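Please examine the sequence and the three-dimensional structure displayed below before reading the explanation that follows. The discussion begins with a pocket and then turns to individual elements and residues.

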Amino acid sequence: MPLTLRVDGERWRQHLQAVARDYPRVVPVVKGNGYGLGTSRLARRSGWLGADTVAVGTYDEVPDMLSRFTGDVLVMEPWRPFLQAPDDRRVIHTLGRVEDVLELSRQRSRARVVLEGVTSMTRHGLTVQELPAATRALGTLRLGGLALHLPMSGDRSGEADHWCAVLEGSRLGTTTVYVSHLAEDELTAVAGRHPRLRVRPRVGTALWLGDRSALHPCATVLDVHGVRRGQRVGYRQRRLPGNGWLLVVAGGTSHGIGLESPSAGTTLRSRAIPLARGGLDAAGFALSPFSVGGRQRWFAEPPHMQVSLLFLPRHVDPPRVGDEIPVDVRYTTTRFDTVAIT
Ligand SMILES: *Cc1c(COP(=O)(O)O)cnc(C)c1O
């Protein structure tokens with residue numbers, strides 16, 4: 001009963017290659033659900049793109065990556081003494097606290113590391129003031145760069161510049177800076193202002209999901225029932241608001257399909273339209289992310305584990321069992337049954 005991600009392979013691969021051309025030192029980010037495409041596929045694609053390093057989110061993701069990718073694996077979650085960190089020469093650890101630098105250098109001589117500088121994200125990392133102590137604590141650890149995780153808004157280039165200047169004035173002895181979340185023009189500008197540094201962007205979304213026109217998430221229609229106004233359906237036996245059809249479609253909570261249409265394309269305006277139309281949300285119905293006839297349709301009740309129930313008014317031509325209908329998903333939280341690349 002598939003929720004399927006159909007990928008226009010030609011288009012997708014062309015986009016990947018364009019990104020790799022524009023960012024020659026790109027470090028593909030391969031983590032979580034593999035941006036809906038699956039981490040194994042993205043690991044193989046990273047090799048195909050010629051990447052020498054991939055970045056993963058957590059230590060749990062490392063073993064699988066080591067078996068599917070032949071280059072280095074940068075772990076973005078900072079090393080902590082309580083995490084199970086594989087002892088492998090291809091793994092690069094991120095350190096963000098002086099005490100962790102001391103502890104890792106005690107436990108693993110010559111392990112490969114990057115130091116993370118804290119940014120206005122305020123997630124992880126050392127402050128500028130802590131950097132000298134961290135530098136002294138490195139011992140035999142092999143430092144491969146400075147890592148920066150920038151927010152999606154604000155003066156990101158300014159922050160990146162600031163840290164680049166700190167690196168240039170430091171005794172760290174590395175010229176590599178791994179940067180997350182700088183736009184292409186910002187990246188070029190920052191790299192241009194610091195010609196002695198090797199700026200390496202860590203990119204996930206803009207790489208794997210950067211050309212949405214290559215990606216077509218769709219749900220298979222599993223059943224179509226003619227229904228009458230007032231008829232009770234579903235687990236909750238709610239009364240339907242009109243005559244029409246009840247569609248049973250693939251995709252439920254187990255796939256990460258929620259009540260709200262979730263994608264970034266959902267603007268306030270598009271949310272307001274059903275309200276202005278006097279839509280069914282006034283009656284407690286929720287707009288679904290599934291579309292029929294070019295319009296998002298209403299859930300007849302909250303999604304189930306593997307399927308969703310949609311109400312389709314009488315004047316709409318219902319799809320047939322086996323047809324696929326478009327569904328608007330948030331890729332990073334969706335588990336597709338099938339990813340079909342053509
Ligand atoms: C997930 C993550 C990225 C990649 O983010 P995208 O928005 O998918 O490009 C980069 N850096 C860090 C630290 C991350 O956690």
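How do the residues of the lining of the largest pocket divide into nonpolar, polar and charged? The model is a predicted one, and in it the lining comprises twelve nonpolar, eight polar and seven charged residues. The lining amounts to 27 residues in total, and the pocket that they surround has a volume of about 670 Å³. Nearest the centre of this pocket lie His149, Met152, Ser180, His181 and Arg202. Three elements, namely strand 4 (72-78), strand 9 (198-203) and helix 8 (205-208), each contribute at least two residues to the lining.

His181, one of the residues nearest the pocket centre, deserves separate attention. His181 is located in the loop that runs between strand 8 (176-180) and helix 7. Although His181 is not a glycine, its phi is positive, at about 75°. With a relative accessible area of 31%, His181 is partly exposed, because this value falls between the 20% limit for buried residues and the 50% limit for exposed ones.

The loop that holds His181 leads to helix 7, which spans residues 184-193. Which residues of helix 7 are buried? They are Glu186, Leu187 and Val190. These three residues lie on the same side of helix 7, because they cover an arc of only 100° around the axis. The general geometry of such an element is relevant here: an α-helix has 3.6 residues a turn, so residues three or four places apart point the same way. The buried residues of helix 7 pack against helix 6 (156-168) and strand 9. Strand 9 thus appears in two settings, as it also supplies at least two residues of the pocket lining. The face of helix 7 turned away from the buried side carries Asp185, Thr188 and Gly192, which are exposed.

Another positive phi occurs at Arg110, where the angle is about 70° although the residue is not a glycine. Arg110 is placed in the loop between helix 4 and strand 6 (112-117). Its relative accessible area of 42% makes Arg110 partly exposed.

Helix 4 itself covers residues 98-107 and includes Glu103. The side chain of Glu103 is joined to that of Arg106 by a polar contact of 2.7 Å, and to that of Gln107 by a polar contact of 2.9 Å. When neighbours within four places in sequence are left aside, Glu103 is in contact with Trp79 and Pro81.

Two buried residues remain to be described. Thr220 belongs to strand 10 (residues 215-227). Is Thr220 buried or exposed? Thr220 is buried, because its relative accessible area is 11% and the limit for burial is under 20%. Beyond its neighbours within four places in sequence, Thr220 is in contact with Pro2, Val248, Val249, Ala250, Gly322, Asp323 and Glu324.

Leu240 occupies the loop between strand 12 (238-239) and strand 13 (244-250). Despite this loop position, Leu240 counts as buried, at 3% relative accessibility. Again leaving aside neighbours within four places in sequence, the contacts of Leu240 are Val227, Arg228, Arg229, Gly230, Gln231, Val233, Leu246, Ala300 and Phe311. Phe336 is 96 residues from Leu240 along the chain, and the C-alpha atoms of the two residues are separated by 29 Å.

Technical notes: Residues are numbered from 1 along each chain as its sequence is written. This is a predicted model: local features need pLDDT of at least 70, side-chain atom pairs count only at pLDDT 80 or more; totals for chains, interfaces and linings use all residues. Side-chain values use heavy atoms; hydrogens and water are left out. On a 1 Å grid over the protein atoms alone, a cavity is a set of points where a 1.4 Å probe fits but cannot get out, and a pocket is an open set with protein on both sides within 12 Å along at least five of seven lines; lining residues have an atom within 4 Å of a point. Grid points are joined across faces, edges and corners, and a volume is the space filled by probe spheres set on the points. Helices (H or I, at least four residues) and strands (E, at least two) are DSSP runs, numbered from the N terminus. Ala, Val, Leu, Ile, Met, Phe, Trp, Tyr, Cys and Pro count as nonpolar, Asp, Glu, Lys and Arg as charged, and the others, Gly among them, as polar. Buried means under 20% relative accessible area, exposed over 50%, partly exposed in between (1.4 Å probe, protein chains only). The arc is that of the directions from the helix axis to the C-beta atoms. Contact means heavy atoms within 4.5 Å. A polar contact is a pair of N or O atoms within 3.5 Å; within protein, one must be able to donate a hydrogen and the other to accept it, and residues adjacent in sequence count only if both atoms are side-chain atoms.
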